[in-house]
Structures are given as C-alpha cells and as structure tokens.
Amino acid sequence: MPSSLIDTDTPIPPIDTHLCLVSAQATPNLTPALDPATRPRRVILLVSADMRRRAQWLGSVLTARGTRVETWDLADPWDLEQIQTQVLQLLDREQALVRAGTLALNATGGTKPMSIAAYEACRAYDLPIFYVHPERDRLIWLHPAGLEARDLENRLRLDAFLQAHGAQVQSLSRDGIPPGLSELTGWLASRAADHAGDLGQLNYLAMKAEEGLISPAFDARYRTNRPFQALLGRFADAGLFTIQQDRLVFPDEGARFYVNGGWLEEHVYDLIRRQRGRLPHLQDLARSLNILHENPRGDPVPNEIDVACLAENRLYLVECKTRAWRGGEGEGVGAEALYRLDTLKDLLGGLQAQALLVSFRPLPPAVLRRAADLRIRVCAGPRLAELRTDLRHWLAAR
C-alpha cells in the first residue's frame, strides 16, 4: 500500500468525491453530500444488487443538485474479502484522488461487511473517513484523528427527502388556514367533547357530497336539534356552505374537504407553522401531500399524507382522524390506520422517522395499546386542547 499522504496534524483537504455505501437508509448519504462544508463534486455509490433501485433514487436527488453520480457494483454485500478487493480496485482506478487525499469514505451505510471492508481499504490509503450519527445528524470524523465533529446543515426539503426514499410528490399544500376560518378551527379543536356527535353528522353529509358538492338531506330530527342547528350556523357564517331544503351546498371542493374533517388537518398544520420561531431546526412543512411510491415490483402506489415536516433531516408524519371509533369495527379501523402510518413512516423516512395520530374522538384502549407497541404517538379526544404543547415537545425531541 502507498505511504501516508495526509498529515493528520493539518486540516483535512477539500473533498472532491464521496464514496458511499448504499442501504435502506438514504439520509446519512444524502445530508453530507448537500452540506456546503462537505459537499463533493462527485459521489461514487457502492451498490449491491438488492440496493440498485435505492441507489437510483438517491442518485436522482444528487444529480438534480449538480453532483455527478457513479455506481460501483458489489458482487456480494456479505463477502468481506471480496468487497475489500473490489474497493481496492476502485481506489486503484482513482489514483489521482487517492494521491491528493480528496476522496472520502462515508462509512455510515451498507452491510456490516461493506462498512468494515471499505473502512479498512480506505484506512490503508490514509483517506478521510467519516460517519453520520443517525439520531443527531452529526458528521463524525473517524480518520484522520483530531478533526472536530460537526452538525450537518438542514438543507433538505420534503420533495427531495421523499424522492431519495422512492416517492414522487404529485401535489402538496403549504398554504395556511384562511383568516376567516382560523377562529372556527380553533373553536372546533377546543370543543372536541361537546360537539362530537353533531360534527360526525356534518362529516357524513360532507363525505356524501364529494361528487356534486351537494349533500343528501339531513334527517328530520336534526331540524329541531338546537346544538346541530347552531353548529350549522357557525359553518354557514364562515362561508363553507349554504343550506337549501335541508341540504348542504358547498361553494367548492376546499370547503367540502374542510367540513369533511379537513379542519383537523389544517389545525395541526397551522399549529406547527405558527411554532416555527420556537423550532428553528424545522426545515420544511406541508399538508395534503399526494405521493406515488414504488412497491417491491416497481409499480407506483398512490398514498396520501395529512401533514409532514422535516426537522434535523428527520421525517415527521401526522395522520388526522375525525371519525368515531365505536366497538370492534372502530378497533379494526384504528389498527388499520396505525399500520398504514407505521408502514409509511418506515418506507418514507427510515429508522429515524416519527409518526403521530391525531384524533378528534377518543381512541379505544386496544388502539392505544397498539399505538404504543408501534411507537406512534397519539393525541386524541380531550387531549386535543393540549395539541400545541404536544407538537412542540414532539418536534423538539432528539
């Protein structure tokens, strides 16, 4: 092996190329490649056969941001000796960078044999080697000794983050609640226990109006139901619908969506948006995301996300529910919602992603236990009045 070309007592030279180990966790390879202090001109991805699609997702994000991306195929990601041979072959090809010491290994990803083999090969050439702390999003230098660790900049946006995990954003909204609805939304969130049944009826009527923006006639018993009529008046005064022959007539799809439970999604989004001053590490926020994610066969599968944000390059997903959770059926639907949220969290955010279920109605004990098992946070029923505080603590946790 060549003698040392880097004096460890001097600052590390500018990095031209990152050598990255592709795995299911895209973020540790992506964030150092986008941080101005460590951003390379080129990235070489060490890829096993089962990770080629993920390498394409990661490469598409980097290429779109001006980084040249190449791949170096590995025959067997578990054969340490063979991997080391292939990495040494790559370093032999890159002799100019090796001599200059401007090729750095990101040892975070890959299988354990990939990480060990690449580390040993690069260490033999005295090349810079770093590791990204998965929870703190902090770059730690493994070689040479004496270099200070540094926090990586939060430059990712949701579309790029999701793209690196195989999802294409079809649409999203970053609009806040219209001023005229802010008061109504806050009032609804604070009166969860008082109007649950009447709001459930409104949700039902709005759902049935999806096709033509006109609901079925509400039941005759609601004509003399004063709390329900008062609730109708609040929504009508906000311009969300008019009432014609006991039917709700919506001016547009946005109004129908709001009455059909969308108000809770907008409430959660607005609470997070208003706290950005207290959460400076919150780098992106959106609601009503429609995405396409590839299934194992490579087919696009549509999904919807109520609220999503990035903080310290970690994905946070929120599912908002206004439906009732009654009896066995409610428990089944609750379990389905939790499993869906858990699956999206893993697919779109990896190991560090977080999820929260916000429910206007209280959740059955069985659903709460399942949420705890899946490590999904819950804010439901009367607890909704404390949602602002819960969100701040959730997003501030490390």
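This passage describes the fold of a predicted model, from the whole chain down to single residues.

The protein chain contains 13 helices and 15 strands. Along the principal axes, its C-alpha atoms fill a box of roughly 90 × 40 × 35 Å. Of the 398 residues in the chain, 51% are buried. Among contacts with a separation of 6 or more, 69% are made by residues 24 or more positions apart. The accessible surface amounts to about 18400 Å², and carbon and sulfur atoms supply 48% of that area. As for charge, there are 47 positive and 49 negative side chains, and the centres of these two sets lie 4 Å apart.

A good place to begin a tour of the fold is the open sheet of 7 strands, which has the order β3-β2-β1-β4-β5-β6-β7 and mixed pairing. Its edges are taken by β3 (68–73) and β7 (150–151), each of which pairs on one side only. Helix α3 (residues 80–93) packs on this sheet, where it touches β1, β2, β3 and β4 (103–106). The direction of α3 makes about 140 degrees with that of β3. A further helix, α5 (residues 112–124), lies across β1, β2, β4, β5 (129–133) and β6 (138–143). Relative to β1, α5 runs at about 150 degrees.

Within the sheet, the pairing can be followed strand by strand. Strand β1 (residues 17–21) runs parallel to β2 (residues 42–47), and 5 bridges join the two. Here L19 stands opposite I44 of β2. Strand β1 is also parallel to β4, to which 4 bridges join it, and in this pairing C20 stands opposite N106 of β4. The next step across the sheet, from β4 to β5, is again parallel, with 2 bridges; L105 stands opposite I129 in β5. The side chains of β4 are divided between two directions: L103 and L105 point one way, A104 and N106 point the other way, and all of them are buried.

Where does L90 sit, and which residues does it touch beyond its neighbours within four places in sequence? L90 belongs to helix α3, and its contacts outside that local stretch are with L19, I44, L46 and W72. Two of these contact residues, L19 and I44, have already appeared as partners across the β1 and β2 pairing. L90 and I44 are 46 residues apart along the chain, and their C-alpha atoms are separated by 9.7 Å. L90 has 0% relative accessibility and therefore counts as buried.

The chain also holds an open sheet of 6 strands, in the order β8-β11-β12-β13-β14-β15, and the pairing here is mixed. Strands β8 (167–173) and β15 (377–380) stand at its edges; each has a single partner strand, so one side of each is left without a neighbour in the sheet. From one strand to the next, the twist averages 35 degrees. Inside this sheet, β11 (residues 282–294) and β12 (residues 300–311) pair in the antiparallel sense over 11 bridges. One of the residue pairs in question joins R287 to its bridge partner V307 in β12.

Three places in the backbone deserve a closer look. Most residues other than glycine have a negative phi, and most peptide bonds are trans. A cis peptide bond, with omega of about 0 degrees, joins H143 and P144. P144 itself is placed in the loop between β6 and β7.

The remaining two places concern phi. Q245 is not a glycine, yet it has a positive phi of about 55 degrees. This residue is found in the loop between β9 (242–244) and β10 (247–249). Is Q245 buried or exposed? Its relative accessibility is 74%, above the 50% cut-off, so Q245 counts as exposed. S288, also not a glycine, has a positive phi of about 50 degrees. In contrast to a loop position, S288 lies in strand β11. With 23% relative accessibility, between the cut-offs of 20% and 50%, S288 counts as partly exposed.

Technical notes: Residues numbered from 1 in each chain as written. Predicted model: local features only at pLDDT ≥ 70, side-chain atom pairs only at ≥ 80, totals over all residues. Heavy atoms only, no water. Pairing = 2+ DSSP bridges. Contact = heavy atoms within 4.5 Å. Axes fitted to C-alpha atoms, helices over the stretch in contact; angles between N-to-C directions. Buried < 20%, exposed > 50% of the residue type's maximum accessible area, 1.4 Å probe, protein only. Areas by Shrake-Rupley, 256 points an atom, 1.4 Å probe, with all protein chains shown as cover. Lys, Arg positive; Asp, Glu negative; His and termini not counted. Charge placed at Lys NZ, Arg CZ, Asp CG, Glu CD.
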